[in-house]
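Please open the structure in your viewer and keep the sequence beside it, so that each selection can be followed in turn.

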Amino acid sequence: MKKIWMIGIVLFGLSVKANASDGDKFVQVGTGLLYQRGWDVTIGLEQETRYHNAWEYFGNVYLKWEDCSSCGHVCPESFWKSYRAWGVGAAYKPAVVRTRNSVGRIRLGASVGSDRDKFLGGVHVGYEQNYAMRSGLVLFWQVKSDLMINGKDLFRTGLVLGVKFPIK
Ligand SMILES: [Zn+2]
């Protein structure tokens, strides 16, 4: 049931994209550290709609490292091979703070994915602050909290830094 609900939200996001009014589009890349012992990379397509609100369609990979059971430290083996998961999803990002060169948005999303053995569902809540550069690039930071259903860690919370490249 949860699975159906998640997929529904993602499909809803994708269908809204088709109807979105013309706005700026960006490819965005962000990476961050999440509590606890997690590293995350997210690549997304962002479509601005009216009033600087935006939709984001994203793919995410997540890695969680452990102390190695044989050497007792975090080593390359235990860093790369302990736990990996991926997901794809959509987020709606209403603008809440705006100045001439920056916009702050709440980020509300859902995703579906897998960690090699299990289906994973995610609910994503966060805040994103964007700074427009003269070149057209946008730099951003994001605080995020992910609620993962079936995942190795239920909550992931952390800070992400990234850049958005404008596309036509
Ligand atoms: Zn080791």
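The tour below goes from the whole chain to one strand and its partners, and then to the core.

This is a predicted model, in which local features need pLDDT of at least 70 and side-chain atom pairs count only at pLDDT 80 or more, while totals for chains, interfaces and linings use all residues. Residues are numbered from 1 along each chain as its sequence is written.

Begin with the whole protein chain, which has 2 helices and 9 strands, where helices (H or I, at least four residues) and strands (E, at least two) are DSSP runs numbered from the N terminus. Read along the sequence, these follow the pattern α-β-β-β-α-β-β-β-β-β-β.

Next, select strand β8, residues 138-149, and add β7, residues 119-132, which runs antiparallel to β8 and is joined to it by 12 bridges; strands pair if DSSP finds at least two bridges between them. Within this pairing, V123 has L147 of β8 as its bridge partner, and in the hairpin, with 5 residues between the strands, G136 takes a positive phi near 105°.

Now add β9, residues 155-167, which is antiparallel to β8 and joined to it by 10 bridges. Here F140 is partnered with G162 of β9, and the hairpin of β8 and β9 has 5 residues between the strands, with N150 in the turn at a positive phi of about 80°.

Finally, select M6, A54, W55, F58, A90, A91 and A110, the 7 residues of the largest nonpolar core, meaning buried Ala, Val, Leu, Ile, Met, Phe, Trp, Tyr and Cys residues joined through C-beta atoms within 7 Å, where buried means that 20 or more other C-beta atoms, placed from the backbone, lie within 10 Å of a residue's own. Strands β3 (54-64) and β4 (83-93) each give two or more residues to this core, and the largest share, 3 residues, comes from β3.

How values were computed: Buried ≥ 20, exposed ≤ 12 C-beta atoms within 10 Å, placed from the backbone.
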